[in-house]
Amino acid sequence: MDVMKHYIGTRAFYKRASLLAIPLAIQQLVSSCMGIIDSLMVSWIHQVTAVGTAVQIETLCSAVAWGAIAGTGIFSAQFYGAKDHDNLKRTFGLSVILGLGIGLIWLLIAALFGRKIIAFYIQDPNVIANSHQYLMIAMFSYIPLSLGFSFSYIYRSIQKTKVPLIIGIAAMGINIFVNCVLIFGYFGFPELGIQGAAIGTLIAQSFVLIVNIVYAYATKQEFIGTFHEMFSLDYHFVKPIMRKIQPLIWNELMFGFGSTLFVKAFGALGTSSMDAYYVGAKLSDVFNALVTGISNATAVMLGVALGSGDVEKAREEGNYFVGMAAILAVMSIVFIFGCSHQLVSIFQLEDSYVVGQAIAIVKVFSLKIALRMFIVIVFSSLRAGGDSKILALLDSGFMWFIGIPLAFISVHLFHIQSIALVFFICQLEQVIRVYFGMKRYNQGNWAINLTTLISK
């Protein structure tokens with residue numbers, strides 16, 4: 001019982017954590033719902049796999065952009081905790097440069113190699129053609145998507161989580177409206193099908209960026225300054241930040257690409273299996289919103305504590321988050337497993353085989369979400385203190401050496417035809433990650449004040 005007390009927080013802690021985590025979780029939920037609504041609407045025109053395959057490139061763009069901007073967020077949270085607004089502005093400027101560069105790079109990759117990338121994941125000619133139609137429009141959303149991360153993360157760092165939440169809700173409403181109008185041709189607009197879904201995504205992401213820029217300048221947010229204040233980035237400022245960011249960028253790139261390789265492995269099982277997988281993946285995004293909310297709250301609260309020099313407080317609150325994650329993990333697996341039939345039914349799938357596989361894979365996703373909820377708290381603690389190299393090994397390293405080989409061996413060597421069973425076998429990766437992640441967390445090497453590394 002004495003050991004358990006270390007993982008049970010005070011009422012004040014849970015109040016502060018809730019004020020941060022709940023808006024962040026709702027914001028992520030809104031973002032996930034946009035993806036689910038897209039999938040739901042395109043399922044009515046039988047284009048789930050086409051959109052899901054095209055989105056693999058967006059997944060890679062998002063992963064790399066998030067890794068870079070989350071890396072700057074490590075320092076943003078600590079500068080905020082240290083009340084260093086000058087370096088807070090410079091850190092935001094660096095995140096904008098990184099977001100713009102990453103979005104542009106992935107736009108060019110999609111434009112030049114989009115069809116070949118799609119064909120890498122799926123061999124069905126009709127799916128490739130439809131997927132490419134979607135991609136050629138949606139790829140222009142990569143730049144506003146990446147830049148939007150810069151604003152979203154800086155608001156988390158300064159603990160103003162309601163701002164991106166409100167903007168995200170408005171964007172979801174716009175996305176739903178444009179999708180209805182352009183996919184199905186309502187109100188006299190042309191019926192564009194899968195291209196209408198892509199236009200809806202582009203308009204929604206552009207809206208988020210424009211509103212973020214206008215609001216930040218109109219309200220004179222503390223991270224906004226003159227061009228010189230935000231972009232005067234000398235070598236001594238950038239070097240220590242990039243040293244911590246680089247492992248995160250590589251981790252997110254390898255993790256993002258690794259995630260798409262699972263799609264490649266599962267794609268060998270056919271379009272019906274992929275329909276089931278994409279339904280399960282989209283539903284899991286809803287519950288991953290809670291995971292992301294707690295993860296981001298952990299990184300921000302621990303980062304602020306470390307930046308203010310209170311290392312012991314950071315360690316104490318880290319333990320409280322671990323305890324919270326353990327309870328929520330159990331609750332999640334019970335709920336998702338028990339409601340799998342009802343969750344799948346909202347997609348109105350017609351093929352009974354696809355429905356059965358989708359239900360089974362949602363049950364497996366419940367295990368993955370529970371384990372992931374636990375490990376992201378550990379990862380957020382490591383990230384808050386800049387322990388990025390070990391984080392990369394635990395995250396993408398285990399995926400490439402355990403998860404991906406298990407997927408390909410199950411499909412191509414043992415010829416397992418059930419995508420749910422293959423996906424279940426792959427969860428061994430998560431179990432091993434939790435074990436070694438907790439060992440690293442308990443060593444306490446992550447609890448470091450990074451603001452001392454930056455030249456004023």
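Colleague: Is C180 buried, exposed or partly exposed?

Modeller: In this predicted model, C180 has a relative accessible area of 22%, so it counts as partly exposed, since buried would require a value under 20%. C61, by contrast, is at 0% relative accessibility and therefore counts as buried.

Colleague: How many disulfides does the model contain?

Modeller: A disulfide is taken to be a pair of cysteine sulfur atoms within 2.5 Å, and by this rule the count comes to zero.

Colleague: Which residues other than glycine have a positive phi, and where do they lie?

Modeller: Two cases can be taken in turn, each with its place in the chain and its accessibility. F187, whose phi is near 55 degrees, lies in the loop between α7 (162-184) and α8 (194-218), and it is exposed because its relative accessible area of 67% is over 50%. K220 has a positive phi of about 50 degrees although it is not a glycine; its place is in the loop between α8 and α9 (227-231), and at 71% relative accessibility K220 counts as exposed. A glycine with a positive phi can be added here, for G309, just after α11, takes a value of about 90 degrees.

Colleague: How should I read the span of helix α4, and where does α4 bend?

Modeller: The idea is to set the span between the end C-alpha atoms against that of a straight helix. A straight helix of 37 residues would span 54 Å at 1.5 Å a residue, whereas α4 (residues 85-121) spans only 46 Å. As for the bend, α4 turns by about 80 degrees at F113.

Colleague: What can be said of α11, both its bend and its burial?

Modeller: α11 bends by about 40 degrees at F287. Of its 37 residues, 28 are buried, so α11 is largely enclosed by the rest of the structure.

Colleague: How many cavities does a search of the whole structure find, and what lines the second largest?

Modeller: The search finds two cavities of 30 Å³ or more, and the second largest holds about 60 Å³ of space. Its lining includes A70, Y153, V300 and R383. The elements that give two or more residues to this lining are α3 (48-81), α6 (142-157), α11 (271-307) and α14 (352-384), and α3 gives the most, with four residues.

Colleague: How does that lining divide by residue type?

Modeller: The lining of the second largest cavity divides into seven nonpolar residues, three polar and one charged.

Note on methods: Residues are numbered from 1 along each chain as its sequence is written. This is a predicted model: local features need pLDDT of at least 70, side-chain atom pairs count only at pLDDT 80 or more; totals for chains, interfaces and linings use all residues. Side-chain values use heavy atoms; hydrogens and water are left out. On a 1 Å grid over the protein atoms alone, a cavity is a set of points where a 1.4 Å probe fits but cannot get out, and a pocket is an open set with protein on both sides within 12 Å along at least five of seven lines; lining residues have an atom within 4 Å of a point. Grid points are joined across faces, edges and corners, and a volume is the space filled by probe spheres set on the points. Ala, Val, Leu, Ile, Met, Phe, Trp, Tyr, Cys and Pro count as nonpolar, Asp, Glu, Lys and Arg as charged, and the others, Gly among them, as polar. The bend at a residue is the angle between axes fitted to the seven residues ending there and the seven starting there. Buried means under 20% relative accessible area, exposed over 50%, partly exposed in between (1.4 Å probe, protein chains only). The expected span of a helix is 1.5 Å times one less than its number of residues.
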